[in-house]
Amino acid sequence: MKYTTQMDAARKGIITREMEIVAKKEKMDVEVLRSLIAEGKVIIPANKNHKNIDPEGVGEGLRTKINVNLGISKDCCDIDKELEKVQTAIDMKAEAIMDLSSFGKTREFRERLVEMSPAMIGTVPVYDAVGFYDKELKDITAEEFLKVVKRHAEDGVDFVTIHAGINRYTAEVFKRNKRLTNIVSRGGSLIYAWMELNDKENPFFEYFNELLDICEEYDVTLSLGDACRPGSVNDATDASQIQELLILGELTKRAWERNVQVMIEGPGHMEINEIAANVMIEKKLCHGAPFYVLGPIVTDVAPGYDHITSAIGGALAASHGVDFLCYVTPAEHLRLPNLEDMKEGIIATRIAAHAGDLGKNIKGAKQWDDAMSKARQELDWEKMFELAMDPEKAIRYRKESLPAHEDSCTMCGKMCSMRNMNKVMEGKNINILREDD
């Protein structure tokens with residue numbers, strides 16, 4: 001192999017198989033794609049050990065991708081049930097699956113996930129460290145944290161979330177600027193606690209070069225985690241969040257020097273009027289690296305409906321340049337999502353991603369909507385179902401309430417605007433009261 005990573009290949013002028021696949025999917029000239037990867041504005045997360053991956057690109061000029069969070073926990077540790085969710089997520093066209101497992105046989109789940117999934121796989125290695133070593137957090141060494149990352153890379157994980165931006169200085173900024181919800185990132189809180197308990201620097205920041213060694217060897221994309229993301233609209237765009245982003249921008253440049261692909265993780269909870277500015281700030285401070293956001297969730301008062309609060313924020317964020325949306329389910333803040341929660345979260349996030357693509361004028365996005373509009377105008381129900389983002393639900397709703405006239409629905413009946421306009425445009429009469437027409 002004449003290159004180490006997709007970025008290394010791109011900078012050497014090499015067109016990889018993965019680039020060819022992504023360019024075809026995106027209807028993009030492969031040379032344009034290669035140039036964007038060389039600049040760090042597009043990534044193709046594809047670990048050398050993930051043999052059955054169907055590569056996807058994330059970044060500037062590409063369709064907004066979505067990620068689904070899954071994994072076992074202490075309270076819900078049924079691997080087979082979680083793998084059923086994995087297959088459903090794949091069937092529902094999720095481009096990425098993050099394994100957030102934090103208890104039990106995490107490696108068994110991870111290995112089976114990588115083996116069965118053509119979608120790119122992400123993990124948060126720090127979640128795995130406590131169980132892997134059977135040690136309390138305080139007693140894990142910096143070297144041991146890095147060994148867990150190495151194990152995940154060996155297993156074929158395509159991207160890893162690493163909270164390297166919450167260093168000692170960022171922690172001091174956090175302490176000086178009181179928040180309503182402190183640090184809500186699970187990984188970020190673990191790293192912050194480790195630093196406080198040991199009075200030491202964040203091991204992922206201190207040994208960032210060693211981390212890059214691992215990423216370069218396996219072509220693992222570094223997802224630089226937002227430990228200080230806001231967990232309430234009150235805490236958005238504050239000193240802690242921005243200070244961490246400054247550090248992430250510096251780490252991005254260091255990673256690129258080693259040809260390691262990078263994306264930046266972002267908020268979080270945020271009022272709707274702050275989203276555009278946050279996207280602009282991230283793109284500026286992190287040099288155009290792809291931006292990956294959770295939500296943003298635009299209000300804190302809708303538990304049970306956070307797939308909606310996040311879809312609102314996600315659509316707006318994507319339209320302003322966010323490249324990758326992490327799904328949020330109705331169970332957010334309440335419990336581990338079940339299969340139905342996951343389905344609702346995926347559809348809500350796919351809607352947000354596509355709405356953002358329309359706003360960004362991504363190639364092919366509007367054509368999909370135009371095709372649906374044409375099918376509606378022609379009252380072609382089968383075509384509508386074929387084009388629907390969730391055909392199963394659309395078909396079920398139609399069958400649950402069949403109209404007397406097949407060319408209408410039970411909302412409007414013979415007053416259907418499409419039906420009547422078609423007749424008028426063809427020079428025909430409209431009979432609403434007579435049953436024979």
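These legends walk through a few views of one predicted protein model.

**View 1. The whole protein, end to end.**
Let's start with the full chain of 437 residues, of which 55% count as buried. Its secondary structure adds up to 19 helices and ten strands. Measured out along the principal axes, the C-alpha trace spans about 85 × 50 × 40 Å. A compact globule with 437 residues would have a radius of gyration near 22 Å, and the protein has 24 Å, so the two agree.

**View 2. The surface and the contacts.**
Here the accessible surface comes to about 19,700 Å². Carbon and sulfur atoms account for 53% of that surface. Now think about contacts between residues at least 6 apart in sequence: 71% of them join residues at least 24 apart.

**View 3. A closed barrel of eight strands.**
Follow the strands around in the order E3-E4-E5-E6-E7-E8-E9-E10, and you will find that the pairing is parallel. From one strand to the next, the twist averages 25°.

**View 4. Strands E5 and E6, with helix H11 on the sheet.**
Zooming in, strand E5 covers residues 120-123 and strand E6 covers residues 159-162. The two strands run parallel and are joined by two bridges. Look for Gly122, which stands opposite Phe159 in E6. Helix H11, made of residues 208-218, packs on the sheet and touches both E6 and strand E7 (221-224). The direction of H11 makes about 140° with that of E7.

Notes: Residues are numbered from 1 along each chain as its sequence is written. This is a predicted model: local features need pLDDT of at least 70, side-chain atom pairs count only at pLDDT 80 or more; totals for chains, interfaces and linings use all residues. Side-chain values use heavy atoms; hydrogens and water are left out. Two strands pair if DSSP finds at least two bridges between them. Helices (H or I, at least four residues) and strands (E, at least two) are DSSP runs, numbered from the N terminus. Axes are lines fitted to C-alpha atoms, for helices over the stretch in contact, and angles run from 0 to 180 degrees between N-to-C directions. Contact means heavy atoms within 4.5 Å. The radius of gyration is taken over C-alpha atoms; the globule rule is 2.2 Å times the number of residues to the power 0.38. Buried means under 20% relative accessible area, exposed over 50%, partly exposed in between (1.4 Å probe, protein chains only). Accessible areas come from the Shrake-Rupley method with a 1.4 Å probe; for residues, only the protein chains shown count as cover.
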